[in-house]
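Student: Could you take me through one part of this model up close? I'd like one connected walk, starting from a single side chain and working outward.

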Amino acid sequence: MSSNRPPLAIRMHPADNVAIIANDGGLPAGTVMPAGAAQGLVLRDKVPQGHKVALCDLAAGQAILRYNVPVGYAKQAIAAGSWVHERLLEIPAARELQDLPMATVKPPLLDALQGYTFEGYVNADGSVGTRNLLAITTTVQCVAGVVQLAVERIERELLPLYPHVDGVVGLEHSYGCGVAIDAPGAEIPIRTLRHISLNPNFGGEVMVVSLGCEKLQPDRLLPPGSFPIQDIRDEAKALDNVCLQDDAHVGFMSMLDGIVARAQTHLERLNARRRQTVPASALVVGVQCGGSDAFSGVTANPAVGYMADLVVRAGGTVMFSENTEVRDAVEQLTSRAATPAVAQDIVRELGWYDQYLERGRVDRSANTTPGNKAGGLSNIAEKAMGSIIKSGSAAIASVLPPGEKLKADQKGLVFAATPASDFICGTLQLAAGMNVHVFTTGRGTPYGLQACPVIKVATRSDLARRWHDLMDLNAGRIAEGEITIEEGGWELFRMLLAVASGHKTWAEHWKLHNALVLFNPAPIT
Ligand code: CA
């Protein structure tokens, strides 16, 4: 919002006793708020954009309500019109995981949405890809350099011959050796790698490059039967694996030639595929936020939530994640679970994560960043309330543990339990079978993934203007009254279908992508 616009404070719920300042650059002390929830209020302090202002006099110890939820308790008396910054707030204690309301709220059944389609690549197992990529799976980091050079050669020499293939992706990672591979928790990185190889955007063409002596052997990574798409074909069920230590390799060129030759077989099959019209129910959308500010929960995340409801109504799948960002909203999640068993699954995953954090002597409050706080988010309780809005309003149909893959019938709204770290969450959502990613940001991040298109949604118009060739959608228009949350949600839904059909996101246009980062709770040796 440009500074010549009238002063504006946004309140999220009629019961809230704070609102956030919407104007670019914030507002100076002495500003008289002309309209809305803060009408007549005089600012006692300069309040930065995205930060909270007290709408009434607050007593010491009083709950500070945003989204009608306590996001903190006043450490001292705070006069109306004051800047309510993080140093004035005591963070509320995390809700215990006992005696939670389990599946007590029955969200109204959403009307089915029919007639929406996209153009996708239908796989043998029924999943649908939004891109047609060759993936080269690796068992261990040791082979990463060789695979990188092989990928460059494939791009240069082979891809021009296979114009229907969108690209080749080396699935490099830091795992595979020097790790306690049988320790509790080690199953998470292993199954994550396995399931990423089977992401719908890779068309079921699994090829592996291994070293030979590593702990994570190819048949442990992908045991027979774990790559069902390939099993469906009549040909050899053996895993297609190039092993660098194989006696047959004499010299470096032999390794490279071996990988390139094997890639050719897969590229031929991928190149024969064409997009076809599929219902929107084939969407598997992962939603996430990163570099959040106080607008995340006002503009972008509510629009994503509306979009999530549209995808669920169309019969598709939406995953929301980020354990530390939903922990403070656990009551809202367990009560919205479709059944008590699903609510129990939420408690199990968040309880496991509490213990994981305790081992590191931290708790969920370690989540917030300096940028979050500069953007007006005082603490994790406030961040969580803005974060879970991304999940929309549907009942939570199921829960997915980290690194697991969605089953074909696992539709609707899914809580995929992952850390909130952008790269780790994205990596785990890829393993789950995500075919489009929606990512909201307030502070700004150039985040992208190679395996899957990432639609980036800006929470503020100022960011959207400055990062005009990085942000795909500007939800800041919601704060300015140009569009409603519903209109933003529909725009995003239509963009989802276009991107799923092959329209490139800005990150794809620039070939911007982050590394796969595995969640490994087990020890390194
Ligand atoms: Ca995140």
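Which residue holds the cysteine sulfur closest to the sulfur of Cys425?

Tutor: That would be Cys289, whose sulfur is 8.7 Å from the one in Cys425, too far for a bond. Bear in mind that this is a predicted model: local features need pLDDT of at least 70, side-chain atom pairs count only at pLDDT 80 or more, and totals for chains, interfaces and linings use all residues. Numbering starts from 1 along each chain as its sequence is written, and side-chain values use heavy atoms, with hydrogens and water left out.

A disulfide here is a pair of cysteine sulfur atoms within 2.5 Å, and the structure holds zero of them. Both cysteines are buried, Cys425 at 0% relative accessibility and Cys289 at 3%; buried means under 20% relative accessible area, exposed over 50% and partly exposed in between, using a 1.4 Å probe and protein chains only.

Cys289 has another role in the model, as its backbone O is a donor of the calcium ion. The other protein donors are Gln288 (OE1), Glu322 (OE), Ala420 (O) and Asp422 (OD), and the set lies 2.4 to 2.6 Å from the ion. Donors are N, O and S atoms within 2.8 Å of the metal (3.2 Å for Na, K and Ca); water is not among the atoms, so the site may look incomplete. In sequence the donor residues run Q-C-x32-E-x97-A-x1-D. Gln288 sits in strand β15 (residues 284-289) and Asp422 in helix α12 (residues 422-432), so this pair ties together parts that are 134 residues apart in sequence. Helices (H or I, at least four residues) and strands (E, at least two) are DSSP runs, numbered from the N terminus. Gln288 and Asp422 are both buried.

Now step from the metal to the nonpolar packing. Gln288 is one of the residues that Val438 touches, along with Val285, Val304, Met307 and Leu496, among others, leaving aside residues up to four places away in sequence; contact means heavy atoms within 4.5 Å. Val438 is also among the members of the largest nonpolar core, 56 residues, that touch the most other members, as are Leu283, Met307, Phe415, Phe493 and Leu496. Helix α6 (residues 300-313) gives this core its largest share, eight residues. By nonpolar core I mean buried Ala, Val, Leu, Ile, Met, Phe, Trp, Tyr and Cys residues joined through side-chain atoms within 4.5 Å. A second, separate core of 26 residues includes Ile136, Val140, Leu159 and Met255.
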